[in-house]
Every structure is written in C-alpha cells, then in structure tokens.
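Here are my notes for you, colleague, set out as numbered points. Please keep the model open beside them as you read.

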Amino acid sequence: MANKRNTFLLIWILTAIGCLFVFLKYASPKIFQVLMAKDHPMPTPSTLMMWYMIMGVLAGLVYATTSNQKFADFLSFLLPGSGHVIQSFLRNMLFVAFPVLVGWFVYTWSIPGAASPVELRIQHPTLPQDFEKLENPFRQKDDQAQRKSIEEGKILFQTYCRPCHGSKADGNGPFANSFRLRPINFQDPGTIATVVDNYLFWRIKEGGPGLPSEATPWDSAMPSWKDDLKDDEIWMIIMGEYDTAGVMPRQREKQE
Amino acid sequence: MIKALKKGLICFGLIGIGSCFLWICGEVSAQSSLLFRTYKHEVPQKLQETPEAVAEGKKVYEKRCWYCHGIEGKGDGPASKTMFPKPRNFTRNEYKVRSTVFGSVPTDEDLFRIITSGIEGTAMPFWNTISEKERWQAIHYIKTFNEQFKKDATPQVVSVISIASTPESVNRGQELFKETKCYECHGEDGRGNGPLTVALQTEWNMPYRARDLTKSWNFKGGNTIEDIYRTISTGFNETPMGSYLEKLSDEDRWHVVHYVKSLAKDIASDVVVKVKLWEGDQLPSDASDESWSKATAVEIPLAGQIIATPRQWAPSIDAIMVKALYNKNEIAFLLEWDDATNKQEEVFRDAVSLQFPTKIPESLKKPYFAMGDSGGAVNLWSWKAYWNEGFGAVVEAPENESGSVSEMNAKGFKNVTIQPPESQNVAGRGIYQNGRWKVVLKRTLVTEDTKGDMQFEIGKLIPIAFAVWDGSNSDVGGLKSVSSWYYISLEKQVPKTVFVYVLIAIIMGGSVEMWFIARLRRFPPKVEEE
C-alpha cells in the first residue's frame with residue numbers, strides 16, 4: 001500500500017474516530033469493570049472522554065496532513081471521482097450527515113437538562129496558626145504512658161468516631177454510605193499519614209463548621225467536638241487513631 | 001491553495017472540538033448506588049486449633065475486637081453503648097448466622113465467613129483486611145468464651161442446594177408466608193412491622209427488630225437465595241426467628257426464599273431529584289394518587305444525627321424515598337419511609353422534615369447541611385404524626401387524621417424559629433399503611449415571605465436535605481435520622497424555539513459544507529512534485 005493512493009483516507013479517519021468513541025463509551029466501562037473486579041460498569045469520566053476525543057480528532061488531522069500527497073487524497077474523496085459506487089454513496093452520506101450532526105449538537109446543547117452540581121473542594125486546607133504551636137502531650141511521654149494513651153484513645157475512637165470512620169479507621173463505618181462527603185479513610189496513605197498531630201487536633205476540635213469556605217464546610221458531617229471532649233481526650237483519640245489505622249503522623253517528635 | 005485548504009480544515013477541526021465540548025456539557029451524570037457489600041462464602045483451609053493459636057488469637061481479639069465485644073466476650077465493650085443491634089455476647093450461644101441446626105453452635109467456617117464479610121446493618125465490619133491466619137486465631141480464642149463449643153459434638157450442618165426461582169414458586173411462597181405466619185413479625189408487606197415484633201422484647205428489654213425484607217442491604221448474613229434459605233432453615237439462635245427445617249419441607253422453604261427475594265429491593269439513589277412538570281390544575285395531595293407514578297423516585301440514605309448532642313447513634317430509619325411534581329403554581333413532594341410502628345406519644349412522634357436554604361445559592365456556598373448556621377439560614381417544612389390524647393398515652397395515628405405541618409426557619413441547632421401564622425403556607429397529609437409512612441407536602445412555588453421561604457425557580461439546582469424521626473425509637477429534636485445536602489431540579493419544558501435554532505443550524509451547516517465543496521471543486525488539490 002506504500003505508494004498506492006488511498007482514496008478512502010477520509011473515511012478511514014472518520015471510522016477510527018468513531019471506533020475510539022465506541023471504545024470509550026461502551027467497551028472501556030466493561031473492561032474496567034472486569035479489571036477492577038467491580039460489580040458495576042466503570043463509565044469513562046466525561047471530561048476525560050472529551051480530551052481523548054479531541055486528541056483523536058487532532059491525531060486524525062495530523063495524520064492526514066503528514067504529506068501533501070496524503071492531504072490531497074484526504075480531500076479528493078469529496079470530489080466527484082471515478083464514479084465508484086461505494087465512494088459516491090459514502091460521499092452522499094457524508095454530505096447529509098454533516099448538517100444533521102450540526103443540528104443535533106445544537107439541539108442537545110439547547111434543550112434544558114438538569115446539570116450535575118459542581119462541588120469542588122480543597123481536601124487539605126491550611127492549618128490555622130492558632131493550632132500550629134500546640135504539642136501532643138502524649139508523644140513526649142515514656143513508652144508505658146504512650147501505650148496507655150493509645151489504649152484509652154482507641155476506646156474513645158471506637159465510641160465516638162467508629163459510627164462513621166469505622167472500627168478499622170478505614171472510613172467504612174455504618175453511617176459512611178449515608179453521607180455524600182464520605183468519612184475519611186485514615187488507612188489511606190494520602191490522609192492522616194501526610195499531616196501532623198496538630199492538624200488532626202484542629203479537625204477534631206473544630207469539625208466541619210471550622211473549615212474554611214474553600215473546603216465546603218456546609219457539606220462536611222464531621223462534628224465539632226470542642227463542647228463534648230476535653231483537649232487531653234482529643235490528643236488520646238489522635239494517638240489511638242494512628243494506631244488503629246496503622247500509619248504514623250508526618251513528623252515524629254521522638255523515635256521509640 | 002493547499003495552504004488555504006489546510007486553514008479551512010483547521011477551522012473544521014475547531015468546530016468539531018467545540019461541539020464536543022457542548023455535547024459533553026449537556027451530559028447529566030447519574031450516581032449509581034451499589035453501596036453495599038455481599039456475604040463471602042468461600043473459606044480457606046482452617047488453621048489447626050493449638051494453645052499457641054488461642055494465645056495469638058487473644059492478642060488479635062484484644063487489639064481489635066474487645067472494644068465492642070468486651071474483654072470477657074460478653075458483648076459489653078466500651079463502644080457497645082452507642083450500638084444497636086448490640087455486639088454478640090460470646091459467652092452465650094446467641095450466634096445468628098450459622099449453617100448449623102437451630103440451637104447448636106456455629107462451625108468454625110461460619111465464624112470465618114462472618115468475620116470476613118461483616119454484618120450489614122450492624123456495626124460489625126468486614127475483617128478481610130487482616131490475614132487469614134489472624135482471623136482463624138481470633139476464632140479459636142472466641143470459642144473459649146463458650147463451653148458449648150467443647151461439649152457439643154460436631155454440629156449438624158444444613159446443606160444448601162440452590163433451586164432457581166419461578167413465578168409459581170414466588171406465588172406459592174407468598175401463600176406459605178401467610179400460612180406459616182411469617183407476617184406476624186415481618187409484616188404483611190415484609191416491612192418488619194408485624195404485630196409480634198412490635199410487642200416482643202428480649203430479657204434485657206431490648207426490642208427485637210424483625211428484618212425489613214424489602215431492604216436487601218440489611219439482610220444479616222447475605223441476601224442471595226442461598227443465604228436466605230440458610231437463614232430460614234437454621235434460624236437465629238436466641239431470637240423469635242426460629243428454624244423452619246422441620247416445619248416446612250425443603251421445597252416449601254425454597255418457595256418462601258423466592259418470595260422473600262422478590263420483596264427485596266436495592267437502594268436507587270441519585271444526587272439530583274428531578275421534578276417533572278405536571279400537566280393539570282391540581283397537584284396530587286394524597287399519597288395514594290395515581291399521578292405519583294409519573295414522578296421519578298429517588299432513595300436517599302440516612303444516618304443518625306451525630307453532629308451535636310444529643311446524638312442519635314442507633315437510628316432506626318436508614319432511607320427515605322422522595323418524589324416530586326410541580327405545575328405553574330405549586331410544588332408537591334411525596335416522602336415515603338419504612339417504620340415498623342405507628343406509635344405516637346406527646347413527645348416522641350413520627351415526623352419528617354424537608355430542609356431548603358432560604359434562597360437558591362448563587363455560588364458553591366450553602367448553609368450548613370445540619371440546620372443551617374449563622375451565615376446561612378434554612379427553611380424547614382416539618383410534618384408530625386397526629387396525637388391528641390391525655391398525658392402519657394401512646395396511640396396509633398388514625399388514618400383519617402393527616403398530622404400537622406409547620407414551617408420553620410433555622411440558623412443552627414439552637415436557633416430555630418417557627419414562622420408566624422401568616423407565613424405558614426405548606427399543606428401536608430400523612431398516612432401510615434403496612435409499615436410505611438407516606439407524607440405529601442405541598443406549597444406554592446413562590447410566597448410572600450421572600451425572606452424566610454425558599455422561592456422555587458425552574459431549571460435551577462436547589463439544595464434539599466431530609467430528616468426523619470421515629471417516635472418508637474425515642475427520636476425527638478436532635479435525635480433523628482438525617483441526610484447530606486441533595487438537590488432538586490424543576491425540569492424545564494423544551495421550548496418551541498429550540499427547533500428554529502436547530503433548523504438554522506442545519507441550514508448554516510449545509511451552506512458551509514456547500515461552500516467548502518464548491519471551493520474544493522474549483523481548486524482541486526494538486527500534489528506538487530518535489
């Protein structure tokens with residue numbers, strides 16, 4: 001095929017773009033369902049799909065313009081050619097399809113539809129200054145006192161935090177499914193393992209209402225515990241929480 | 001010439017990309033709701049029961065289990081006070097999910113399955129996150145709490161061979177459900193509202209709650225037909241759920257299984273409740289109205305209110321179904337939820353509340369989802385079941401009494417005000433039928449109280465949140481089930497002008513195409529030889 005003129009180049013490129021669309025829309029959700037062992041399909045996120053489609057269209061155009069020869073072939077499909085039956089049929093199809101497609105785009109764009117809500121939020125807002133200087137009193141203590149605080153903290157954690165954050169601190173408590181902003185999974189290395197004790201102290205004491213507005217405090221179900229728990233109890237919960245989740249805070253004041 | 005054509009082509013490309021954008025923007029994303037786990041059946045090779053394994057198991061138990069099950073296995077751990085159902089007491093033979101005959105202890109494999117899968121609708125998590133070895137060790141230790149494990153011979157296991165469901169089998173199952181009096185606890189429609197379950201209590205004055213068989217996510221020990229068959233055959237020790245191994249033939253038990261399975265539904269949730277335009281003068285004001293079948297149903301999961309004291313750690317209502325319709329004047333909501341009892345008392349009454357911000361938010365910012373805050377007020381539509389008896393009387397709300405509605409504003413838990421009488425414009429009617437409350441709330445789209453009332457607008461995303469009280473669970477005030485913020489959207493009708501736009505677009509598309517082709521024909525691309 002090297003030097004043979006490909007008069008169907010336009011059709012091939014359009015077909016490839018069509019295939020890409022079908023793959024992203026229908027095949028990929030099924031493939032990821034199997035790969036990730038889920039019991040439901042995993043639809044391609046719409047923005048990701050949009051970028052893949054843009055890249056697909058651009059790649060097609062880039063390919064068509066790699067040489068003047070190819071580009072001439074690409075366009076020549078639209079010219080009244082040798083009268084090949086399939087070619088003229090496809091050409092006519094294309095002539096009809098283009099305005100229809102434009103009309104369809106305008107239609108889908110202008111009919112009213114319930115837009116999905118945009119709910120962007122910062123998950124790790126900056127620690128307020130008032131909390132920066134605080135020290136966890138139990139981290140300094142000797143082994144035995146530390147272990148005691150961990151054990152007491154675990155009891156408090158299991159009593160007050162478990163219903164949402166779960167017995168295993170994995171964010172899977174009995175109430176977890178009922179809050180749209182899911183309780184944090186503390187076992188996840190991207191959560192409490194990346195912050196210091198003080199950060200947790202701030203989060204437990206002030207809760208959702210204490211968040212800055214970029215972290216959407218109105219959606220957070222994290223209670224503010226300042227009226228119900230003493231500071232020492234909060235520090236103990238933090239000790240117990242790290243132990244339950246099996247992770248360490250970012251800064252360790254003292255090695256065991 | 002080629003250059004000019006290339007330019008034209010790039011234009012085409014840009015148009016294509018632009019339309020891709022528009023098309024994506026128009027897409028509505030729906031949330032699937034497969035939130036719940038399944039009961040895992042496969043069990044690996046058992047670890048030998050040795051003194052070392054028991055000693056290791058003690059360590060596992062005292063690291064992970066005792067907080068709920070207690071240091072002596074009595075189900076009285078420090079965390080158990082915030083739980084209902086209570087954690088298993090290992091010193092008694094109250095094991096529920098077993099493959100063994102009624103009254104006997106479970107097999108080690110049964111314990112392994114439960115520890116691995118957890119129990120849905122309870123605080124028991126799934127422990128497949130710890131090693132199999134640790135799980136076996138914990139089992140060997142747990143068995144030391146109850147002597148019956150040693151004394152009893154190997155318990156008799158009930159075998160399970162699945163039989164496929166047929167419509168006849170489901171029908172026969174329904175008959176047997178009546179004949180064997182399953183409804184006395186599970187209720188006529190299977191909502192766990194039978195007269196016995198309401199009356200019976202354990203020896204520690206705890207209620208027995210028969211399962212709501214319509215909620216597939218709350219079946220203890222799994223909701224596959226094999227799991228249901230096992231439960232019906234073996235029963236739950238120390239509960240009114242007995243074994244039907246001898247009372248019903250194998251075939252009959254399968255009929256009942258298929259009937260029970262036919263009742264069970266998954267939770268069909270979404271973030272946006274779409275409110276359809278209702279063609280007609282009157283919106284339905286009665287829950288039994290046929291028109292509701294036209295509305296889209298969305299199920300909203302609920303959690304206990306744990307934001308502020310008093311906290312509801314053990315809510316009895318875990319989901320509410322919502323439907324809504326609007327016409328040019330009014331909007332109506334139908335709210336339905338399962339409640340095992342219709343017991344009303346002066347203070348503790350069944351109730352439901354809708355929450356809106358006082359105005360549609362312009363930005364991301366909303367009032368706090370739990371009763372608003374000082375920066376954002378909320379509008380509450382609150383319905384309460386009827387009660388008008390003497391002090392202390394507990395009665396059922398009669399069907400002909402619709403209950404009372406009040407409209408309130410709140411800026412936080414401690415700052416709730418009832419709107420003045422002239423501003424009370426929500427009408428409501430609730431009815432309790434077969435273990436389910438059905439409440440209709442209705443209001444005009446706009447009101448005169450523009451400060452305190454939500455003014456509905458078509459096509460906008462309007463935040464909404466829900467709260468439900470169960471009087472028989474001692475719910476009152478802050479003791480309730482709540483949801484996060486969701487949205488409603490009053491659907492726009494397709495305006496006629498859309499078709500004009502489409503026509504113009506097609507004509508324009510066609511013209512551009514013809515111009516392009518004409519140009520192409522006039523100056524056909526020539527390959528310049530190099």
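1. A word on the ground rules. This is a predicted model, in which local features need pLDDT of at least 70 and side-chain atom pairs count only at pLDDT 80 or more, while totals for chains, interfaces and linings use all residues. Residues are numbered from 1 along each chain as its sequence is written, chains are lettered from A and ligands numbered from 1 in the order in which they are written, and side-chain values use heavy atoms, with hydrogens and water left out.

2. Do start with helix α7 of chain A (helices are DSSP runs of H or I, at least four residues; strands are runs of E, at least two; both are numbered from the N terminus). Of the 10 residues in α7(A), 10 are buried (under 20% relative accessible area; exposed is over 50% and partly exposed in between, with a 1.4 Å probe and protein chains only). Charged residues are on that buried list too, including A:Asp197, A:Arg203, A:Lys205 and A:Glu206. The cover over these residues includes α5 (129-132) and α8 of chain A, where contact means heavy atoms within 4.5 Å.

3. Two details belong with this helix. A:Arg203 lies over the face of A:Trp202, 4.4 Å from the ring centre; the rule asks for NZ of Lys or CZ of Arg within 6 Å of the ring centre and within 35 degrees of the ring normal. After α7(A) comes A:Gly207, with a positive phi near 65°. Chain B also has a charge over a ring: B:Lys247 sits over the face of B:Tyr244, at 4.8 Å from the ring centre.

4. Next, please look at strand β7 of chain B, residues 378-384, where 6 of the 7 residues are buried. β7(B) runs antiparallel to β6 (residues 351-357), joined by 7 bridges, and antiparallel to β8 (residues 404-410), again with 7 bridges. Strands count as paired if DSSP finds at least two bridges between them. To find the register, note that B:Phe356 is opposite B:Asn379 and B:Ser382 is opposite B:Ser406.

5. The aromatic side chains deserve a look as well. There are 31 aromatic pairs over all chains, counting rings of Phe, Tyr and Trp (its six-membered ring) with centres within 6.5 Å; planes under 30 degrees apart are stacked, over 60 edge-to-face, and the rest tilted. One of them is the stacked pair B:Phe90 and B:Phe145, at 6.1 Å centre to centre and 5° between the planes. B:Phe90 is in the loop between α2 (51-69) and α3 (108-117) and B:Phe145 in the loop between α4 (132-142) and α5 (148-151) of chain B, so the pair ties together parts 55 residues apart in sequence. B:Phe90 is buried at 7% relative accessibility, and B:Phe145 is buried at 15%. Ring pairs link both into a cluster with B:Tyr61, B:Tyr95, B:Tyr141 and B:Phe149.

6. Finally, some backbone geometry to check. Which residues does a cis peptide bond with omega of about 0° join? They are B:Phe84 and B:Pro85, and B:Pro85 lies in the loop between α2 and α3 of chain B. Another cis bond joins B:Thr309 and B:Pro310, with omega about -5°. Positive phi outside glycine occurs at A:Thr216, about 40°, and at B:Asn434, near 45°. A:Thr216 is buried at 5% relative accessible area, whereas B:Asn434 is partly exposed at 35%.
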